[in-house]
Amino acid sequence: MSTSATSWHAALESLPATPEKIPAFFFAHGSPMLAFPPTEGSDGGMMGYHGPKGPLAQFLKEFGPTLLKKYRPKGIVVFSAHWETYGERLVSDYPENPLLMDYYGFPPELYQLKFKSKGDSKLAQHVVDLYKKAGQKARLTTVHESRGEDGRGFSGPGLDHGVFVPFRIMFGEEFTEIPIVQVSIDSSMDPEKNWELGKAVAQLREEGILILAGGLTAHNLRDRVSFSPDTARAVHKEFDQAIHQAIATDSAEERKKALFALPRHPGFRASQPREDHFVPLYVAGGAGEGGAVHTIVDLYGLASFAFGI
């Protein structure tokens with residue numbers, strides 16, 4: 001697979017400019033390592049691959065402006081691996097989006113990161129209404145309550161690092177032009193249930209709303225060698241290849257079956273000991289159900305896709 005920036009540049013350029021029906025995106029949201037000062041850490045290994053000088057950071061700098069230029073969105077609805085609720089969708093209703101520093105053990109500078117953005121009560125309520133129309137439970141959550149946990153014990157209001165860390169690279173540290181509303185994924189980690197989450201809000205794509213779902217196709221903190229193609233074992237790379245083979249399936253129905261089968265792949269647990277970073281792929285897939293899929297980034301562990309082309 002290509003490791004050249006020219007590959008994603010060409011893929012971004014070839015995205016159809018369809019503001020009347022915006023694709024839904026699964027993208028690699030990275031980690032707080034993206035926000036490390038560029039002078040810190042080595043340029044190699046995991047830090048280099050996922051750090052401020054690595055390919056993901058380079059891609060995100062190009063990804064955000066491309067989305068704004070091609071689709072001119074009126075708002076963004078985002079799903080992150082780091083906000084999950086069971087059986088009921090919570091939808092952020094924050095006038096100004098606070099940040100939830102949901103990580104630990106990092107340098108003090110990473111707890112002083114800034115990303116200024118706004119929410120939108122009308123959009124948030126519209127998302128809630130769409131879920132209720134689809135027969136799913138949903139409600140608003142405000143800055144006055146915890147938004148719920150993400151499987152690691154962090155709680156509180158605000159955009160989590162799976163949103164604000166990549167967004168500040170994509171859109172800048174102050175981004176108030178359009179509102180951002182975040183929605184929780186389903187903590188059952190069931191592919192079908194999370195697919196239905198995306199499907200329920202698919203009409204937003206025709207209303208000028210950009211749907212983004214962030215995760216990682218390789219995320220095993222217990223096995224750090226899995227993070228970089230330079231150190232990943234054969235089992236990690238075999239699973240990565242299986243993802244791309246599933247995505248490349250021509251038939252939308254067969255592609256869905258292939259994607260749903262991925263958690264049963266022998267290499268899945270080696271790359272995803274918990275499914276939280278993988279199920280956002282299903283949210284994006286549900287939102288773009290029936291359409292073609294465009295691979296934007298095919299780098300190991302950092303794959304990003306556009307659904308519903």
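Me: Hi! Where is glutamate 196 found?
Reply: Hi! Glutamate 196 is found in helix 6. Keep in mind as we go that this is a predicted model.

Me: Okay. Is glutamate 196 buried, exposed or partly exposed?
Reply: Glutamate 196 counts as partly exposed, because its relative accessibility is 28% and that class lies between 20% and 50%.

Me: And how far is glutamate 196 from tyrosine 282?
Reply: Along the chain they are 86 residues apart, and their C-alpha atoms are separated by 8.4 Å.

Me: What is tyrosine 282 part of?
Reply: Tyr282 is one of the buried residues of helix 10, along with others including Pro280, Leu281 and Val283. In that helix, residues 280–287, 8 of the 8 residues are buried, so the helix is largely enclosed by the rest of the structure.

Me: Back to helix 6. At what angle does helix 6 cross helix 8?
Reply: The axes of helix 6 (residues 191–200) and helix 8 (residues 252–261) cross at roughly 130° and come within 10 Å. The two helices are therefore oblique to each other.

Me: Which residues make that contact?
Reply: Helix 6 brings Pro191, Glu192 and Trp195, and helix 8 brings Lys256, Leu259 and Phe260. Sorted by type, the residues of this contact are 4 nonpolar, 2 charged and no polar.

Me: New topic: phi angles. What is the usual sign?
Reply: Most residues other than glycine have a negative phi. Here, methionine 189 has a positive phi of about 65° although it is not a glycine. Arginine 72 has a positive value too, near 45°.

Me: Where do arginine 72 and methionine 189 sit?
Reply: Both are in loops. Arginine 72 is between helix 3 (55–71) and strand 2 (75–85), while methionine 189 is between strand 5 (180–186) and helix 6.

Me: Which of those is buried and which is exposed?
Reply: Methionine 189 counts as buried, because its relative accessibility is 7%. Arginine 72 counts as exposed, because its value is 58%.

Me: Let's look inside. How many residues are in the largest nonpolar core?
Reply: There are 48 residues in it, and Phe25, Phe63, Ile76, Phe167 and Leu212 touch the most other members. The elements that give two or more residues to this core include helix 1 (5–14), strand 1 (24–28), helix 5 (161–171) and strand 6 (209–215).

Me: What does leucine 212 touch?
Reply: Leaving out residues up to four places away in sequence, leucine 212 touches ten you can pick out on the model: Phe25, Phe27, Phe63, Leu67, Ile76, Val77, Val78, Phe79, Phe167 and Met170.

Me: What lies apart from that core?
Reply: Another core, of 44 residues, lies apart from it. Among its members are Met189, Ile243, Phe278 and Tyr282, so two residues from earlier in our chat, Met189 and Tyr282, turn up here as well.

Me: Now strands. How many residues of strand 2 are buried?
Reply: In strand 2, 11 of the 11 residues are buried, so the strand is largely enclosed by the rest of the structure.

Me: What does strand 2 pair with?
Reply: Strand 2 pairs with strand 6 in the parallel sense over 6 bridges, and isoleucine 76 has leucine 210 as its bridge partner there. Strand 2 also pairs with strand 5 in the parallel sense, over 6 bridges. In that pairing, threonine 85 has aspartate 186 as its partner in strand 5.

Me: And strand 3?
Reply: Strand 3 (residues 88–92) has 4 of its 5 residues buried, so it is largely enclosed by the rest of the structure. Strand 3 pairs with strand 4 (residues 137–141) in the parallel sense over 5 bridges, with leucine 140 as the bridge partner of valine 91.

Me: Last one: where is tyrosine 86?
Reply: Tyrosine 86 is in the loop between strand 2 and strand 3. With a relative accessible area of 62%, tyrosine 86 is exposed.

Me: What does tyrosine 86 touch?
Reply: Tyrosine 86 touches Ser187 and Ser188, not counting residues up to four places away in sequence. From tyrosine 86 to phenylalanine 278 is 17 Å, C-alpha to C-alpha, and they are 192 residues apart in sequence.

Conventions
Residues numbered from 1 in each chain as written. Predicted model: local features only at pLDDT ≥ 70, side-chain atom pairs only at ≥ 80, totals over all residues. Heavy atoms only, no water. Axes fitted to C-alpha atoms, helices over the stretch in contact; angles between N-to-C directions. Parallel < 35°, antiparallel > 145°, perpendicular 65-115°, else oblique. Contact = heavy atoms within 4.5 Å. Nonpolar A, V, L, I, M, F, W, Y, C, P; charged D, E, K, R; others polar. Buried < 20%, exposed > 50% of the residue type's maximum accessible area, 1.4 Å probe, protein only. Core = buried A, V, L, I, M, F, W, Y, C linked by side-chain atoms within 4.5 Å. Pairing = 2+ DSSP bridges.
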